[in-house]
Amino acid sequence: MQINIYSIAKKDIKYQAVQEELCMQCRQFGAYIESFELMPQSVLKAQKISATHAKNAYTQAFLPHIKPNALNLALHPQGKSYDSQGFSRLLDSQNIIQFFIGGAYGFEKEFLNLCQSISLSTLTLSHKIAKLVLCEQIYRALSILHSHPYHK
C-alpha cells in the first residue's frame, strides 16, 4: 500500500521525527507513506491577492497529483467524520491512497469534486498538527486491520 500526503505548506522539522516514526511503524503492515510539502511561488503570490486566487493556486498545485486509480481524500472541515474503526475500513484493500491538506483558504469546490472529503476534526488544525494526527490515525487504522494491539 502506498500512501501519499500532499499539503500546501513549507517544510517544517519540528514534528518531523514523530511523523517519521509513525510512518516507519506503518511499514510493518506493508504501507509506505510519503509526505510532500507544496509551496510554489504561484501559491505565495495568490495568497496575497485573495482567497479565491489562493484556492485556485492550491488546485493547480494539487491537480498533477490526483490519480484516477487511487483513493483521493481531501481533508476538509465539512468532510465525513470517521471513528477509528470506520477510518480503517475506508483504507482497507486500497493500493494507493492520497491525502490532500489544503492551504489556509481551503479548497475550491472543483477540487473537492475530484476527491472524497473527510474531516479529522471540527477544530481547525495547523498543517503540522493535522499531518501528525493523520499519520497517527493511519497507523491506528492499519493496527486495527492487522489485529495489532496498538489500538487497544
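Select phenylalanine 100 first: in this predicted model, Phe100 has a relative accessible area of 0% and is therefore buried. Phenylalanine 100 lies in strand 4, which covers residues 96-101.

**The first partner**

Keep Phe100 selected and add phenylalanine 62. The ring centres of phenylalanine 62 and phenylalanine 100 are 5.1 Å apart and the ring planes stand at 70°, so this pair is edge-to-face. Angles over 60 degrees count as edge-to-face. Phenylalanine 62 belongs to helix 3 (residues 51-62) and phenylalanine 100 to strand 4, so the contact ties together parts that are 38 residues apart in sequence. Is phenylalanine 62 buried or exposed? With a relative accessibility of 0%, phenylalanine 62 counts as buried.

**The second partner**

Next, add phenylalanine 111 to the selection. The rings of phenylalanine 100 and phenylalanine 111 have centres 5.3 Å apart and planes at 80°, so this pair is also edge-to-face. Here strand 4 meets helix 5 (residues 109-112), in which phenylalanine 111 lies, so the pair ties together parts that are 11 residues apart in sequence. Phenylalanine 111 is buried, as is phenylalanine 100.

**The aromatic cluster**

Now extend the selection to Tyr6, Phe36 and Phe107. Together with Phe62, Phe100 and Phe111, these residues form one aromatic cluster. How many aromatic pairs does the structure hold? There are 9 aromatic pairs in the structure.

**The loop after strand 5**

Clear the selection and turn to the loop between strand 5 (116-119) and helix 6 (127-145), where leucine 125 is found. Serine 121 is in this loop between strand 5 and helix 6, and leucine 123 has its place there as well.

Colour these three residues by accessibility. Serine 121 has a relative accessibility of 24% and therefore counts as partly exposed. Leucine 125, at 32%, is also partly exposed. Leucine 123, by contrast, counts as exposed because its relative accessibility is 62%. The class "exposed" begins over 50%, and "buried" means under 20%.

**The surface patch**

Select Leu123 and Leu125 once more and add Val133. These three residues make a nonpolar surface patch of about 240 Å².

**The annotated positions**

Finally, which residues does the UniProt annotation "binding site" cover? According to the UniProt record, an unreviewed entry, the annotation covers Leu75, Gly102, Leu120, Ser121, Thr122, Leu123, Thr124 and Leu125. Such annotations may be inferred rather than shown by experiment. Select these positions to end the tour; among them are Leu123 and Leu125, which also contribute to the nonpolar patch.

Note on methods
Residues are numbered from 1 along each chain as its sequence is written. This is a predicted model: local features need pLDDT of at least 70, side-chain atom pairs count only at pLDDT 80 or more; totals for chains, interfaces and linings use all residues. Side-chain values use heavy atoms; hydrogens and water are left out. Patches are made of residues with over 30% relative accessible area and no salt bridge: like charges are joined within 9 Å, nonpolar side chains (Val, Leu, Ile, Met, Phe, Trp, Tyr) within 5 Å. Accessible areas come from the Shrake-Rupley method with a 1.4 Å probe; for residues, only the protein chains shown count as cover. A salt bridge is a side-chain nitrogen of Lys or Arg within 4 Å of a carboxyl oxygen of Asp or Glu. Helices (H or I, at least four residues) and strands (E, at least two) are DSSP runs, numbered from the N terminus. Buried means under 20% relative accessible area, exposed over 50%, partly exposed in between (1.4 Å probe, protein chains only). Rings of Phe, Tyr and Trp (its six-membered ring) pair if their centres lie within 6.5 Å; planes under 30 degrees apart count as stacked, over 60 as edge-to-face and the rest as tilted.
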